[in-house]
Amino acid sequence: MCVVFEKVNTGGKPLDAFELITAMYAADGHELRKDWFGTESSDGRKDRFRNALRLPSSPEGVLSGVGSTDFIQAISLFHTRDVRKAAADAGKTGKDLPKVSATRQSLLDLPLAAYLQYQDRVERGFMEAAKFLVRSGIYRVKDLPYQSQVAPLAAILAELGKEADSPAAAEKIRQWYWNGVFGELYGSSTETRIARDFIEVVAWVHGGPIPTTVHEATVRADRLETMRMRLSAAYKGVNALLTCKRAQDFRTGQEFSQTIFFDDNVDIHHIFPKDWCKKQGIPATVYDSIINKTPISARTNRIIGGVAPSSYLAKLKAEFSTEWADPDSVLDARLRTHLIDPELLRADRFEDFMSARQASLVSMIEEAIGKPVIVDQPAETEVIDEDPEEIQFLGSEAI
């Protein structure tokens, strides 16, 4: 209560739901802050999430962005679902049924008994979400497409429990997740979608209809041409899928899942170098797209420099073992793990390379979302994604 009073009177900081709930639960003798922040003798949930599946070289894991409000939001989904079930059992129908909700008001209405009932189950759900994200090629919080999608993911996994491990359930959850990412549906105004996905994805796993998010997601092939900023969720999604596809470093052949694990400074870099593209008169709007980028380690990127691919591939090959009978084949195999056509790269055929790689990336995305990507349909609606500086054109689906 003192913390709340101090913030109101000195900081000018708006109180979030967590602070207000802390004050309300304190009246019943429960110290919510200890649950989240821990004590001198024990870690709280914040630290447990921060350390979940943390890489040895990293200060934080993939769940480090989960906030106290996210956690309570997931609990609210269970509580409001129970309230709705009770109302249905009492004979209420239609508009008389209370909604499953994760809004600020539903958080403030969350009774202490419901919080205590679901806190451990929901925490396990978040831990399972961390495993799901790592299996999906997302090892670091900075590579997470949408922070807002983690809470419904955790709630879905918490509800399904061991059932989520079955191949059929796992595939449906995977499709829902990637449709949310590549449909760019979790960028803003997510409270309604979170509640709807919690109900619909669980029902889908149990044989129900396709969830709205999977049905609504519109993914366009030409969207790849406008993915230029790291803050774009779909941009991060492409990187994660390439990691899942066991993309290898051009120079060492090490898979990027291992390279990230050992903190070898992996980032997304140009395949046709920026300096070379400028000299050829290629516009930045073209060469800066995700089609011309892929995960590359820092040392390999220094070798690549700003020269033509035909030149840097020769430099990379010079570092290979002299005992290898066919180093060109080894390098070609590594390039293909990035969905790169080696022949087009060796011939410095930029336009042909861009067309071929775009088609390969589209196929990869289609496999992830479980449906075709839209090709050759004029864009109609201008859409803003997570990155406010980047204009995106996704057709008629307003995200």
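Here are some questions and answers about a predicted model.

Q: Is strand β2 mostly covered or mostly open?
A: Let's look at strand β2, which runs over residues 293-297. Lys-293, Pro-295 and Ser-297 point one way, Thr-294 and Ile-296 point the other way, and all are buried. So with five of its five residues buried, the strand is mostly covered.

Q: Why do the side chains of β2 point two ways?
A: In a regular strand, side chains alternate between the two faces of the sheet. In β2, Thr-294 and Ile-296 take one side. Pointing the other way are Lys-293, Pro-295 and Ser-297.

Q: Which residue of β2 does Asp-267 stand opposite?
A: Strand β1 covers residues 266-270 and pairs with β2 in the antiparallel sense, over five bridges. Across from Asp-267 in β2 stands Ile-296.

Q: Is the pair of Phe-71 and Tyr-115 stacked, tilted or edge-to-face?
A: The count of aromatic pairs comes to 18. For Phe-71 and Tyr-115, the ring centres are 6.4 Å apart and the planes stand at 85°. Planes over 60 degrees apart get their own label, so this pair is edge-to-face.

Q: How many residues apart are Phe-71 and Tyr-115?
A: Phe-71 sits in helix α5 (residues 68-89) and Tyr-115 in helix α7 (residues 112-135). Both residues are buried. Their pair links distant parts of the chain, 44 residues apart.

Q: Which residues join Phe-71 and Tyr-115 in a cluster?
A: Ring pairs do the linking here. Besides Phe-71 and Tyr-115, the cluster holds Tyr-25, Trp-36, Phe-49 and Phe-126.

Q: Is Trp-276 buried or exposed?
A: Trp-276 forms a tilted aromatic pair with Phe-272, at 5.2 Å centre to centre and 50° between the planes. Phe-272 has a relative accessible area of 0%, so that partner is buried. Trp-276 comes in at 12%, and the cut-off is under 20%, so Trp-276 also counts as buried.

Q: Is α7 roughly parallel, roughly antiparallel or roughly perpendicular to α8?
A: Two packed helices are described by the angle and the distance between their axes. The axes of α7 and α8 (residues 150-160) come within 7 Å and cross at roughly 110°. The range from 65 to 115 degrees has its own name, so α7 is roughly perpendicular to α8.

Q: Is the crossing of α7 and α8 left-handed or right-handed?
A: Plenty of residues meet here: α7 brings Arg-121, Val-122 and Phe-126, among others, while α8 brings residues including Val-150, Leu-153 and Leu-157. As for the sense of the crossing, it is right-handed.

Methods: Residues numbered from 1 in each chain as written. Predicted model: local features only at pLDDT ≥ 70, side-chain atom pairs only at ≥ 80, totals over all residues. Heavy atoms only, no water. Buried < 20%, exposed > 50% of the residue type's maximum accessible area, 1.4 Å probe, protein only. Helix = DSSP H or I, 4+ residues; strand = E, 2+ residues; numbered from the N terminus. Pairing = 2+ DSSP bridges. Phe/Tyr/Trp six-rings, centres within 6.5 Å; stacked < 30°, edge-to-face > 60°. Axes fitted to C-alpha atoms, helices over the stretch in contact; angles between N-to-C directions. Parallel < 35°, antiparallel > 145°, perpendicular 65-115°, else oblique. Left-handed = near helix turned anticlockwise from the far one by under 90°. Contact = heavy atoms within 4.5 Å.
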